[in-house]
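User: I would like to go through the terms used for this model and see what supports each one. Please set each value against its cut-off.

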Amino acid sequence: MRIVVLAGGIGGARFLRGLKSAVPDADITVIGNTGDDIHLFGLKVCPDLDTVMYTLGGGIHEEQGWGRAGETFAVKEELAAYGVGPEWFGLGDRDFATHIVRTRMISAGYPLSAVTEALCERWKPGVRLLPMSDDRVETHVLIDDEDGGRKAVHFQEYWVRLRAQVPAHAIVPVGAEQAEPAPGVLEAIGAADVILFPPSNPVVSVGTILSVPGVREAVAGAAAPVVGLSPIVGDAPVRGMADKVLAAVGVESTAGAVARHYGAGLLDGWLVDTVDAAEAAGVEAAGIRCRAVPLMMTDIEATARMAAEALALAEEVRA
């Protein structure tokens, strides 16, 4: 079975671990969000790609869900002693090594897709990990400034430094309109037996991947069924602050509203949590097959059951 997953960081990575457990023999291609990418200290940092790579490769900090296990922060502390910022983004010493290797390879002329493949040779995540694009795309957020006007900040500053505590007026994937899908992305979508949207952020993770020209069209036109899992349970994000960016694009923070945001032209099936079972009728009325199942990724076994439910719904749609 060939499965394509459009994934962000923590939620996507943890779902993928369950998916691999549910179907260990599947051929899984992950199209990773690179809109969160940021340049810090002269280095290219790819938070979502690295979170997938570390999680599936056994190197993730399990409690945080991001960064390396057994991390130290000597370099960060020394940079701060020199007055070099930003201090709000916590790169650890082990993590720095990944970004140094990535930046050196890109400086030598290798595209991000080739660099990601090389990094995965060490981690062996058990999936084919593709960046959504080799081109530079950075998600920016429009917020109020101190002078009563508005300004755009990098998504990482909005999410990490500001903790999404200020209103977001717009979400803009800068550079997406000029970007092209990375090699292998459209081919993987076209050859897939199933396409899955994990419980990643629908605006700044899956939504950013879909903003790359050709990707949304490929998913919508694919012969494979497309099934998503709601990141909203009981009208609140399971993790993170997805409700903040959903509000910025005029979408309510409910499982049904997120399904309708993707739309029947994209989704064939949608899973909501059992606490949101009442949402299923509205999703079905929008032309999307919907089922209510437990959607809390409490451990790998629970996540594997979620993945199995998504695949079962895909088969139901196909039939």
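The turns below take up the sheet, the helices packed on it, and some single residues of this predicted model.

User: What makes strand 5 and strand 14 the edges of the sheet?

Analyst: The open sheet has seven strands in the order 5-2-1-9-10-13-14, paired in parallel. Strand 5 (128-131) and strand 14 (289-292) each have a single partner strand, so one side of each has no neighbour in the sheet. From one strand to the next, the twist averages 20 degrees.

User: How do you know that strand 2 and strand 5 pair?

Analyst: Pairing requires at least two bridges between the strands. Strand 2 (residues 27-32) and strand 5 have four bridges, in the parallel sense, and therefore the two count as paired. Val30 stands opposite Leu129 in strand 5.

User: What supports the pairing of strand 10 with strand 9 and with strand 13?

Analyst: The same test applies, at least two bridges. Strand 9 and strand 10 are joined by three bridges in the parallel sense, with Ile195 opposite Val226 of strand 10. Strand 10 and strand 13 also pair in parallel, over three bridges, and Gly228 has Trp270 of strand 13 as its bridge partner.

User: Why are both faces of strand 10 called covered?

Analyst: Val226 and Gly228 on one side are buried, and so are Val227 and Leu229 on the other. Buried here means a relative accessible area under 20%.

User: Why is Thr29 called buried?

Analyst: Thr29 has a relative accessible area of 7%, and the cut-off for buried is under 20%, so Thr29 is buried. Thr29 is found in strand 2. Apart from neighbours within four places in sequence, Thr29 is in contact with Ile3, Val4, Val5, Arg128, Leu130 and Ala188. Arg128 lies 99 residues from Thr29 along the chain, yet their C-alpha atoms are separated by 4.6 Å.

User: What makes Glu138 buried?

Analyst: Its relative accessible area is 10%, to be set against the limit of under 20%; Glu138 is therefore buried. Glu138 is in strand 6 (residues 138-144). Not counting residues up to four places away in sequence, Glu138 touches Gly35, Asp37, Ile38, His39, His154, Val172, Pro173 and Val174.

User: How do you know that the span of helix 1 is close to the expected one?

Analyst: Helix 1 has 13 residues, and the distance from its first C-alpha to its last is 19 Å, against 18 Å expected at 1.5 Å a residue.

User: Where does helix 1 lie, and at what angle to strand 1?

Analyst: Helix 1 (residues 10-22) lies across strand 1 (2-7), strand 2, strand 9 (194-197) and strand 10 (226-229), at about 165 degrees to strand 1. Helix 11 (residues 255-262) also packs on the sheet, touching strand 9 and strand 13 (269-272), and its direction makes about 160 degrees with that of strand 13. Among the buried residues of helix 1 are Ile10, Phe15, Leu16 and Leu19. Their cover includes helix 2 (47-57) and helix 13 (300-318) as well as strand 1, strand 2, strand 9 and strand 10.

User: Why is helix 2 called oblique to helix 4?

Analyst: Their axes cross at roughly 120 degrees and come within 12 Å. Roughly perpendicular covers 65 to 115 degrees and roughly antiparallel begins over 145, so helix 2 is oblique to helix 4. The crossing is right-handed. Asp50, Met53 and Tyr54 of helix 2 make the contact with Asp95, Thr98, His99 and Arg102 of helix 4.

Definitions and conventions
Residues are numbered from 1 along each chain as its sequence is written. This is a predicted model: local features need pLDDT of at least 70, side-chain atom pairs count only at pLDDT 80 or more; totals for chains, interfaces and linings use all residues. Side-chain values use heavy atoms; hydrogens and water are left out. Helices (H or I, at least four residues) and strands (E, at least two) are DSSP runs, numbered from the N terminus. Axes are lines fitted to C-alpha atoms, for helices over the stretch in contact, and angles run from 0 to 180 degrees between N-to-C directions. Contact means heavy atoms within 4.5 Å. Buried means under 20% relative accessible area, exposed over 50%, partly exposed in between (1.4 Å probe, protein chains only). The expected span of a helix is 1.5 Å times one less than its number of residues. Angles under 35 degrees count as roughly parallel, over 145 as roughly antiparallel, 65 to 115 as roughly perpendicular and the rest as oblique. A crossing is left-handed if the near helix is turned anticlockwise from the far one by less than a right angle, and right-handed if clockwise.
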